[in-house]
Amino acid sequence: MRPTRACGTQLLAATLLALSATPLAIQAGAAQTAYVLDQSTSRVTFKGRAFLRTITGWSGELVGRISIRGGDLGSLRGDVRFPVASLETDPSMRPRELAEVFGADRSPDIIFAVDSVTQRNPIGECLVHGHLTMNGTTRVVTFVGRTRTKGDRVITEGTTRVDLRQWHIHPPRRLGMRMSPDITLSFRGEFRRGRGHQTAL
């Protein structure tokens with residue numbers, strides 16, 4: 001018995017639907033691997049200006065975790081945080097002063113949550129998009145940098161400029177001059193793959 005035209009159309013539609021669903025099924029079945037931040041090789045810094053003097057701050061007390069699906073760096077998600085109390089500066093600022101400036105009573109930790117990563121070229125240059133929380137306020141931020149794999153590690157770094165006033169932060173006075181609210185934020189995060197942290201989505 002010959003199939004009718006209607007049956008043939010239905011068969012073709014079903015075939016096309018199955019083919020279009022195949023990539024989604026492969027993506028859904030991709031393994032997700034978790035990585036934990038290596039504090040000894042990770043760091044965050046900021047730089048601002050007060051007249052002709054550069055104000056530098058940093059913290060090496062970062063903690064964080066990311067995950068990557070199917071080895072695709074563009075699927076990177078996770079967050080990194082560090083305590084306001086861990087910040088050090090040059091020229092030196094008192095811990096109480098730093099706590100007041102960055103609103104440690106409202107947000108004891110400064111947190112960057114990664115929403116997406118856009119790869120710009122095959123050598124790892126990328127845009128890291130996410131939300132930065134300071135002083136009880138969260139704003140969208142994009143870092144320009146590099147993300148790459150090296151053995152069982154993922155290394156990501158980036159830089160951006162922000163206006164502290166968007167987080168309701170009033171820059172302190174240094175050497176008799178008020179620090180500019182426009183600062184440069186930079187980070188380097190090195191993450192090591194954890195054992196037993198690979199699962200199928």
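## A walk around the cavity and the core

Let's start inside: β2, β3 (53-59), β5 (72-83), β7, β8 and β13 each give at least two residues to the lining of the largest cavity. Keep in mind as you look around that this is a predicted model. Which strand gives the most to that lining? It's β13, which puts in 7 residues. In total, 34 residues line the largest cavity, and those nearest its centre are Val44, Phe82, Phe112, Phe143 and Phe187. The space inside comes to about 380 Å³. The structure has 2 cavities of 30 Å³ or more.

Now step back for the overall picture. The chain is built with 2 helices and 13 strands. It has 201 residues, and 40% of them count as buried. Among contacts with a separation of 6 or more, 59% are between residues 24 or more positions apart.

Back to the rings. Phe112, Phe143 and Phe187, which you just met by the centre of the largest cavity, are linked by ring pairs into a cluster. The whole structure holds 3 aromatic pairs. One of them joins phenylalanine 46 and phenylalanine 102: it is a tilted pair, with 6.0 Å from centre to centre and 55 degrees between the planes. These two partners are 56 residues apart in the chain, with phenylalanine 46 in strand β2 (residues 43-50) and phenylalanine 102 in the loop between α2 and β7 (109-119). Both phenylalanine 46 and phenylalanine 102 are buried.

Another pair is made by phenylalanine 143 and phenylalanine 187. Why is this one called edge-to-face? Because its planes stand at 90 degrees, with the ring centres 4.9 Å apart, and anything over 60 degrees gets that name. This pair also ties together distant parts of the chain: phenylalanine 143 belongs to strand β9 and phenylalanine 187 to strand β13 (residues 182-200), 44 residues apart. Are these two buried or exposed? Phenylalanine 143 has a relative accessible area of 5%, so it is buried. Phenylalanine 187 comes out at 17%, which also makes it buried, since the cut-off is under 20%.

Phenylalanine 187 leads us to a neighbour, threonine 156, which sits in strand β10. Leaving out residues up to four places away in sequence, threonine 156 touches Val128, Arg146, Thr147, Phe187, Arg188, Gly189 and Phe191. With Thr147 there is something extra: the side chains of threonine 156 and threonine 147 are joined by a polar contact of 2.9 Å. Threonine 156 has a relative accessible area of 8%, so it is another buried residue.

Next comes the nonpolar side of things. The largest nonpolar core takes in 39 residues, and Leu87, Phe102, Ile110, Leu132 and Met134 have the most contacts inside it. Phenylalanine 102, the ring from the tilted pair, makes a good place to stop and look. Beyond residues up to four places away in sequence, phenylalanine 102 touches Phe46, Val84, Leu87, Ile110, Met134, Asn135 and Ile169.

From Leu87 it's a short hop to leucine 98, found in helix α2 (residues 95-101). The C-alpha atoms of leucine 98 and leucine 87 are 7.7 Å apart, with their positions 11 residues apart along the chain. What does leucine 98 contact, if you skip its neighbours within four places in sequence? The answer is Val84, Leu87, Thr89 and Met93. Leucine 98 has a relative accessibility of 3%, so it counts as buried.

Finally, a few spots where the backbone does something worth a look. Aspartate 90 and proline 91 are joined by a cis peptide bond, with omega at about 0 degrees. Proline 91 lies in the loop between β6 (88-90) and α2. Asparagine 135, one of the residues touching phenylalanine 102, has a positive phi, near 55 degrees, though it is not a glycine. You'll find asparagine 135 in the loop between β8 (125-134) and β9 (137-150), and its relative accessible area of 6% makes it buried. Histidine 168 likewise has a positive phi, about 60 degrees, without being a glycine. Its place is in the loop between β10 (153-163) and β11 (173-174).

Terms used: Residues are numbered from 1 along each chain as its sequence is written. This is a predicted model: local features need pLDDT of at least 70, side-chain atom pairs count only at pLDDT 80 or more; totals for chains, interfaces and linings use all residues. Side-chain values use heavy atoms; hydrogens and water are left out. A nonpolar core is a set of buried Ala, Val, Leu, Ile, Met, Phe, Trp, Tyr and Cys residues joined through side-chain atoms within 4.5 Å. Buried means under 20% relative accessible area, exposed over 50%, partly exposed in between (1.4 Å probe, protein chains only). Contact means heavy atoms within 4.5 Å. Helices (H or I, at least four residues) and strands (E, at least two) are DSSP runs, numbered from the N terminus. A polar contact is a pair of N or O atoms within 3.5 Å; within protein, one must be able to donate a hydrogen and the other to accept it, and residues adjacent in sequence count only if both atoms are side-chain atoms. Rings of Phe, Tyr and Trp (its six-membered ring) pair if their centres lie within 6.5 Å; planes under 30 degrees apart count as stacked, over 60 as edge-to-face and the rest as tilted. On a 1 Å grid over the protein atoms alone, a cavity is a set of points where a 1.4 Å probe fits but cannot get out, and a pocket is an open set with protein on both sides within 12 Å along at least five of seven lines; lining residues have an atom within 4 Å of a point. Grid points are joined across faces, edges and corners, and a volume is the space filled by probe spheres set on the points.
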